[in-house]
Amino acid sequence: MPATIEQIEAQVREYNPDADLTGLDEAYAFAFSAHEGQVRKSGEPFVKHPIEVCLILAELHLDTATLKAALLHDVVEDSTHELAEVRERFGDEVAELVDGVTKLGKIEFETLSEAQSQNLRKMLIAMAKDIRVILIKLADRLHNMRTLSALPAERRRDKAVETMEIYAPLAHRLGISSIKWELEDLAFYYLEPRKFHQVQKMVAESRAARESYLAQVIEQLQGELGEVGVRADISGRPKHLYSIYQKMSHKGKDFNEIYDLIALRVIVDSVKDVYGALGTVHSIWKPVPGRFKDYVAMPKFNMYQSLHTTVIGPAGRPLEIQIRTEEMHRTAEYGIAAHWRYKEGGRGDESFDERLAWLRQMLEWQTELKDPREFMEALKIDLFEDEVFVFTPKGDVRSMRRGSTPIDFAYAIHTEVGHHCVGAKVNGAIVPLGYELQMGDRVEIMTNKNSWPSRDWLNIVKTSSARSKIRNYFSKASREDDLQRGRDELMKVMRKHGLGMSSPVASRALDQVASDMNFQADEDLLAHIGAGKVSAKQIAGKLLKLMAAEEPKSSEPERVPDFVTMTPPRAKRRPGGGVKVKGIDDVLVRLARCCNPVPGDEIVGFVTRGRGVSVHRRDCSNAVELLKSPERFLEVEWDRGTESTYQVEIVIEAVDRMRLLQEVSSTLAEAGVNVLSAHVATDRDRISTMRFLFELGNMDQLQSILRDVRSIDGVFEAARALPGEAAQRRKGRKQ
């Protein structure tokens, strides 16, 4: 064992010569004593596990507090020592780290899935306090996977699935590729052993030819870079079996078609040299179209930076090349761990917390999910997501999951922006809310404070965060609906007894009944009535008794509430519609329903059989046909001295949202028009087309009405229906 602790100390001295290793020796001795006599399933001494975990973290260049916590991370759970003793001997910092990774082994869970979820919840909450907790947890899982063969077959598979679904993606999220690749390959080995050995064999068979080819390419590129004054360290990039298998199975590629099977990594001194080296590479070999990615100018979510290009190398073979600086390479290998050392040293990385924003967002919404299984599924989705970068109207870059919609974007900005979203513009043009955001899109969200989410959004959004916020809204909205329904039902029953609910006597009685039934407030009682859990008649009976006791002599019913109004009788429509026929009196005149002419329209009249004179707009398609029979033509004109009402049909196009129809109908009602019919249709792009036929007495109002409708949020067009549209729709319905 001393050799192992010496190996850890030697590793630490390489990257931190001034480190105080006294505490590390003490932690090792304490762990050795605590686990004395304990063995693992493999038969090895138990203490070997924390030592190996510590060595993995030392290879990631972690600080000494993390290394001490790694040595002690199983002491509290698997020995007789308490956390207080760890705190007393090694300080608060180490104790908090140990507590963060201590498993919840003493708690009984109903299912394995729930146990995983609860452990994961604790792990994520701990990350909000100290990110080093997750680094210890990942190192712990890596060593367990290296020794997984000691477990029974069923347990091996369960651990491999958990590693592939949770821990490898988590390492990827933190940018620790050195751990991510090994976790994936180990899980792949236990989940698909036959396929693992097939890929391993194919890689081994091509190794000699591949290494010879790489030596030739490296020599050529090294010479070319030297001529332009770029110093570079060039090496072959290691191949990972699971990555190769994924490309073969998911993308349907043959083994020989995988570009990064032969790959170079070029490490240079500066960002300037990164782009200079790229120019040299492209001057030597022809780049493959569509295979260039610049993660230097726009880093990945896990801080990864590098230039990726694929070229046609010697002998016409595809060759992938990654170009980066030494600092970028350290971040690519160690991820968040590479930045922790600088934070420990006091210099601080200003973007450190900002780059971990995804963790804090996850913590915000995971507390809203009550079902552990739902949390687990949501977490898996977020860990596996690919990303697209989009811009806000101010030019700020936002990272979104690939496939995200404007609704996801709205909720990513703020919950209230999402709740009040009514539409979106992408690159200046209105798009459906189901539009899939693309790389580089400039997104602007349109909102209305009187608008709220639609349940259909749950089928549109792609991010777990947006879906959680929508569900949370409807859980609250459901109570408000129950509350309103309960209030209405109780008022309905009380009115049958000639009483209302607005008087002080009724309010006091309702408060008393709610208190007697152990409700905290009268609103809780009303919500139970609306949900059908309490009978409105039962509550009304209790109220009547209390009200009678307080005002026994009062028998006069309350006045009818102000909101109950009488609807005035509709004025009869004049048969002629305010139109007269030149030279003829006392003839039946009617306005054609196909085009609904109104004063100001150019009109023509036609004699019909048994139905008098039919008046059309001159540009009506039916009128064009009738003009081919001049013997039926009559000159008509508007009778300006006659009061009449006219039928007008308008067409409205808008982005579909909740309460849209209500707002349009309210606008028409406020204008004093009488709606005769309405038709609403929404297409798969969530664009709603509404048609309203209404009676209008003063035609000067029409433009004002259209202007008011256009001002409603989400409406982008409102106009009179084209002549002949109504007839064509009726004809289509008959067919």
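## Close-up views of a predicted model

**View 1. Here we look at E333 and the residues around it.** E333 is part of helix α16, which covers residues 326–334. This is a predicted model, so take each view as a look at a prediction. With a relative accessibility of 22%, E333 counts as partly exposed, because buried would mean under 20% and exposed over 50%. Setting aside neighbours within four places in sequence, E333 is in contact with G175, I176, S177, S178 and R265. I176 sits 157 residues away from E333 along the chain, yet the C-alpha atoms of these two are separated by 5.5 Å.

**View 2. Now for the whole protein chain, before we zoom in again.** The chain has 735 residues, and 47% of them count as buried. It is built with 30 helices and 21 strands. Take the contacts between residues at least 6 apart in sequence: 67% of them join residues at least 24 apart. On the outside, the chain exposes about 38,200 Å², with carbon and sulfur atoms supplying 48% of that area.

**View 3. Which residues touch the most other members of the largest nonpolar core?** They are I8, L57, L67 and L72, in a core of 71 residues. Helix α9, residues 132–146, gives this core its largest share, 8 residues. Zoom in on I8 and, not counting residues up to four places away in sequence, you find it touching L24, I51, C54, L55 and A58. One of those partners, C54, is buried, with a relative accessible area of 0%.

**View 4. A second core, separate from the one in the previous view, holds 30 residues.** Among its members are V613, V664, I705 and A718.

**View 5. This close-up is about cysteines.** How many disulfides does a search of the whole structure find? The count is 0. Two cysteines to look up are C54 and C421. C54 is buried at 0% relative accessible area, and C421 also counts as buried, at 1% relative accessibility.

**View 6. Aromatic rings pair up in this structure, with 11 such pairs in total.** Take Y28 and F32: their ring centres are 6.0 Å apart and their planes meet at 45°, so this pair is tilted. A tilted pair falls between stacked, under 30 degrees, and edge-to-face, over 60. Both residues belong to helix α2 (residues 22–34), where they are 4 residues apart, about one turn of the helix. Is each of them buried or partly exposed? Y28 is buried, at 12% relative accessible area, whereas F32 is partly exposed, at 35%.

**View 7. Next come the rings of Y189 and Y190.** Their centres lie 4.9 Å apart with the planes at 85°, so this pair is edge-to-face. Y189 is partly exposed, with a relative accessible area of 33%, while Y190 counts as buried at 17% relative accessibility. Both tyrosines also belong to a cluster: ring pairs link them with F188, F196, Y242 and Y245.

**View 8. K300 is the residue to find here, along with two tyrosine rings.** K300 lies over the face of Y295, at 4.8 Å from the ring centre. The charged end of K300 also sits over the ring of Y304, 5.2 Å from the centre of that ring.

**View 9. Two loop residues with positive phi values make up this pair of close-ups.** H61 is a residue other than glycine, and its phi is near 65°. Look for H61 in the loop between α3 (48–59) and α4 (64–72). A315 is not a glycine either, but has a positive phi of about 65°. You can find A315 in the loop between β5 (307–312) and β6 (318–325). Are these two buried or exposed? H61 counts as buried, at 18% relative accessibility, and A315 counts as exposed, at 77%.

**View 10. The last close-up goes to N674.** N674 is found in strand β19, which covers residues 674–682. With a relative accessible area of 24%, N674 is partly exposed. L696 is 22 residues from N674 along the chain, and the C-alpha atoms of the two are separated by 7.1 Å.

Conventions. Residues numbered from 1 in each chain as written. Predicted model: local features only at pLDDT ≥ 70, side-chain atom pairs only at ≥ 80, totals over all residues. Heavy atoms only, no water. Phe/Tyr/Trp six-rings, centres within 6.5 Å; stacked < 30°, edge-to-face > 60°. Buried < 20%, exposed > 50% of the residue type's maximum accessible area, 1.4 Å probe, protein only. Lys NZ or Arg CZ within 6 Å of the ring centre and 35° of its normal. Contact = heavy atoms within 4.5 Å. Areas by Shrake-Rupley, 256 points an atom, 1.4 Å probe, with all protein chains shown as cover. Disulfide = S-S within 2.5 Å. Core = buried A, V, L, I, M, F, W, Y, C linked by side-chain atoms within 4.5 Å.
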